[in-house]
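Hi,

Here is the structure I promised to pass on to you. Have a look at it first, and my notes follow underneath.

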Amino acid sequence: SKLHRILLYASPSACRICQMRAASYHGSWAMRQLTPSLKNAMDFGECLQHLDAAAQAGDVALAELHFGSAWARAQERQRRVVCNTVIKACASAGLPMRAELWYRRLSVAGLAPNKQTFGKLIEAAAKAGDLKAALGWLSECDSLGLGIDEVSLSAAVDAAAKSGNPEKAAALLNCMKDLRLEPGATGYTAVLDAHVRAGDVTRAKDVFQDMIESNVTPSRVSHNVMINAHAKGMSTAENASQWLQELISTGFIPDAVSFTAAIDACARERDVTGAEAWFRKMTEQGLTPDLTTYGALINACARAESLQNAVMYLKEVKMKHLQPDLVCYTAIMDAFARKGDTQSAEQMLDRMLQDNLELDTVVYGTLMKACAVTGDVSRAEHWMRDMMTRKVSPNQITFNTLIGACARTGESRKINHWLKEMRTLSVRPDQTSYNAAISAFAREGKFTLARNLFLEMADEACIPDVVSYNSLISGLSKRRKAQEAELCFEDMLSKGLQPNIVTFNTLLHARALRGEASKAEEWLREMMRRGLQPDLMTFNSVISACAKSGMPMQAEHWLTELAAQELRPDLISYNSIIDGFAKHGDPDAAERYLSLAVQRGLSPSLVTYNAVINSCAKKGAVSRAERWLTHLAASAMKPDEVSFNALLDACARSGEADSAERWFGHMTASKLKPGVLAFSAVVRSHCKTGSVEIAQEWLQKMLSHTLKPDVICFSPILVALGHRKQVEETRSVLRQMLALQVRPDAVLARQLDKLLGNRWNKKKK
């Protein structure tokens with residue numbers, strides 16, 4: 001039968017009947033142990049009454065004390081009842097091994113077990129969640145020809161449910177139906193609870209519906225299980241409320257468990273109003289909220305950051321003469337931690353200590369989280385040390401919080417220390433530990449350390465995941481090592497890991513930094529081929545790559561594609577386009593996109609204005625560049641070195657030396673320190689007008705500012721002197737240039753060859 005097939009699951013190694021027979025020769029010894037001296041004047045009924053009271057309370061020790069008196073007064077036919085009652089005590093306490101011991105004593109005494117014996121043995125196994133033992137007892141009951149009743153099978157269903165095996169629980173429930181036994185609400189509720197524990201609310205609903213269709217009236221506990229399912233995140237708080245309303249509509253009066261579950265559901269969704277509404281209904285029905293109820297309500301307020309209400313309810317707990325537990329305090333502390341309010345979080349700790357609560361890892365982890373939010377690594381380390389001083393063992397979560405704080409604040413030197421401390425305390429670093437460390441080292445350019453940790457991760461049998469690989473790829477990308485980043489990507493694929501949008505965005509960024517538009521576009525196409533939807537960062541990288549490659553028209557194409565994907569361009573998008581047209585020397589297009597950005601409600605940044613000024617400079621449009629710099633100077637933003645350098649470049653290209661000197665003066669008046677580019681622009685502007693002597697004076701000024709001129713500073717002077725056929729002067733400037741260890745480039749050498757032949761360099765032959 002179906003039942004026997006299920007019972008094969010138990011497959012006991014040896015039949016208990018054989019064990020009973022093998023132990024029979026111990027009978028006389030067992031009887032001596034079971035027969036105490038008679039010292040009490042109570043009759044059998046009174047002794048059995050005391051024994052049963054202890055059994056119902058689950059007090060096995062007291063039941064065993066009363067056993068002797070009851071056994072001594074019992075007639076032969078009553079002794080099985082006495083043993084069964086002790087087994088009942090073991091069942092109430094959920095002690096299956098102790099129940100089995102008394103079962104063996106029963107057999108040693110020569111007494112045959114009955115249905116009630118096996119019912120209590122199965123119940124003991126069920127309460128302990130020992131499905132195999134429960135099915136074993138069910139099989140033995142059947143093999144002795146005692147038959148199987150609703151009580152035994154219901155207990156087996158409960159055992160399957162408590163062992164986390166909803167499928168087996170459902171199968172046993174169906175067996176009850178096949179045997180024409182009535183499962184009752186208890187059996188159905190056990191299966192409901194099993195599915196809820198497994199996180200399968202859909203199957204739970206099906207079982208609930210089956211209960212109704214089988215004309216079994218759901219109990220209040222059945223409804224509570226469904227309310228709790230929705231409270232634990234398997235559905236919405238609204239559904240939890242609907243189940244509570246259904247409970248009321250069926251005529252049941254909700255208990256504290258019902259209301260607490262509904263409040264807990266609201267807490268999960270940060271619905272303070274709903275939580276408080278159910279709390280009021282609970283008190284209106286005359287139910288007294290317990291600490292669990294208040295804990296759920298405080299959690300609802302804390303999660304919604306309604307901290308004033310959370311603290312108010314905490315005070316109410318004390319007014320009701322209830323002792324707040326760690327759950328209440330930690331919920332409020334966590335809310336302060338999320339806000340980065342370390343001081344208030346620490347005040348909660350003080351109140352816990354005043355209430356003599358024993359601090360745990362969750363409390364310390366929450367305090368460290370508060371410090372991590374504010375970037376206070378030193379304070380987080382203080383709490384880690386305090387935790388160890390109080391003999392509270394740190395776990396992975398607390399270490400990961402601290403390592404994460406070090407990673408976010410760029411204190412990577414501390415990471416290795418805490419990883420070492422972690423291993424010293426036999427706490428094994430996990431993916432989170434390693435990923436935080438690898439990411440920190442990669443961000444700081446310490447790629448060798450990041451790579452070593454990655455390899456160590458694999459050696460520790462902590463398999464690197466997508467986050468691990470993404471951190472490595474990011475580190476390589478920032479070092480402009482695009483090819484190595486792509487090799488890392490190939491290794492990731494070989495391990496069977498699926499790249500995500502972060503992976504592709506990082507690879508795209510690597511190519512964008514190098515201005516490799518075609519490679520960036522290839523990665524975009526590969527990303528879409530894998531079914532990933534590009535985001536704003538993706539398109540911005542491709543637009544930037546095209547702009548850097550001198551392909552502003554292609555950048556425009558991707559900006560259009562970005563909008564077609566219903567994404568909104570941001571200032572980075574427009575800045576890249578403007579910069580592309582600036583490099584192309586197209587101020588009209590640059591100005592057009594600046595206006596478009598403003599129309600879209602974006603506020604241009606200093607980078608935006610500098611790019612527009614640079615576009616004018618590349619065209620030699622000094623007046624336009626001046627207009628934009630004047631506009632920038634009048635705004636809240638102030639021009640920087642890049643702004644002035646771009647305008648000075650415009651003056652140099654157009655040969656407006658007077659304007660160059662004037663703007664150079666404005667630059668120094670703005671308390672900006674001119675660099676090589678600024679001096680070089682003035683030098684070039686004078687060379688352009690033929691004022692080589694003045695250009696040389698500016699070259700000397702640059703040297704007096706302890707700046708080292710580059711070949712671009714010397715080239716216009718040398719070429720100008722070459723045009724004049726002033727060979728000796730050319731050689732003099734060239735000697736000065738070589739003395740500063742500045743070598744002529746190929747362009748300059750060709751120009752001098754063309755102007756002076758070999759006369760400019762006697763050593764050339």
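Please keep in mind that this is a predicted model.

I started with helix α20, residues 326-339. With 14 residues at 1.5 Å a residue, α20 should span 20 Å, and its end C-alpha atoms are indeed 20 Å apart, which agrees. How many of the 14 residues of α20 are buried? The count is 10, so α20 is largely enclosed by the rest of the structure. The buried residues are Leu326, Cys328, Tyr329, Thr330, Ala331, Ile332, Met333, Ala335, Phe336 and Ala337. The cover over them includes α18 (291-303), α19 (307-319), α21 (342-354) and α22 (361-374). After α20 comes glycine 340, with a positive phi near 75 degrees.

Next, a helix pair further along. Helix α24 (residues 396-408) and helix α26 (residues 431-443) have axes that come within 9 Å and cross at roughly 10 degrees. Angles under 35 degrees count as roughly parallel, and α24 and α26 are therefore roughly parallel to each other. On the α24 side, the contact is made by Asn400, Ile403, Gly404, Ala407 and Arg408. These meet Thr432, Ser433, Ala436, Ala437, Ala440 and Arg443 in α26. By type, the residues of this contact divide into five nonpolar, four polar and two charged.

Then there are the aromatic rings, which form 22 pairs in the structure. One that caught my eye joins tyrosine 364 and tryptophan 383: the ring centres are 6.4 Å apart and the planes are at 50 degrees, so the pair is tilted. This pair links distant parts of the chain, since tyrosine 364 sits in helix α22 and tryptophan 383 in helix α23 (residues 377-389), 19 residues apart. Both tyrosine 364 and tryptophan 383 are buried.

Tyrosine 609 and tryptophan 628 also pair: their ring centres lie 6.1 Å apart with the planes at 45 degrees, so this pair is tilted. Here too distant parts of the chain are linked, with tyrosine 609 in helix α36 (residues 606-619) and tryptophan 628 in helix α37 (residues 622-634), 19 residues apart. Are these two rings' residues buried or exposed? Tyrosine 609 counts as buried at 9% relative accessibility, and tryptophan 628 is buried with a relative accessible area of 13%.

Finally, Phe67, Trp71 and Trp102 form one aromatic cluster.

Happy browsing, and do write back with any questions.

Best wishes

How values were computed: Residues numbered from 1 in each chain as written. Predicted model: local features only at pLDDT ≥ 70, side-chain atom pairs only at ≥ 80, totals over all residues. Heavy atoms only, no water. Axes fitted to C-alpha atoms, helices over the stretch in contact; angles between N-to-C directions. Helix = DSSP H or I, 4+ residues; strand = E, 2+ residues; numbered from the N terminus. Parallel < 35°, antiparallel > 145°, perpendicular 65-115°, else oblique. Contact = heavy atoms within 4.5 Å. Nonpolar A, V, L, I, M, F, W, Y, C, P; charged D, E, K, R; others polar. Expected span 1.5 Å × (residues − 1). Buried < 20%, exposed > 50% of the residue type's maximum accessible area, 1.4 Å probe, protein only. Phe/Tyr/Trp six-rings, centres within 6.5 Å; stacked < 30°, edge-to-face > 60°.
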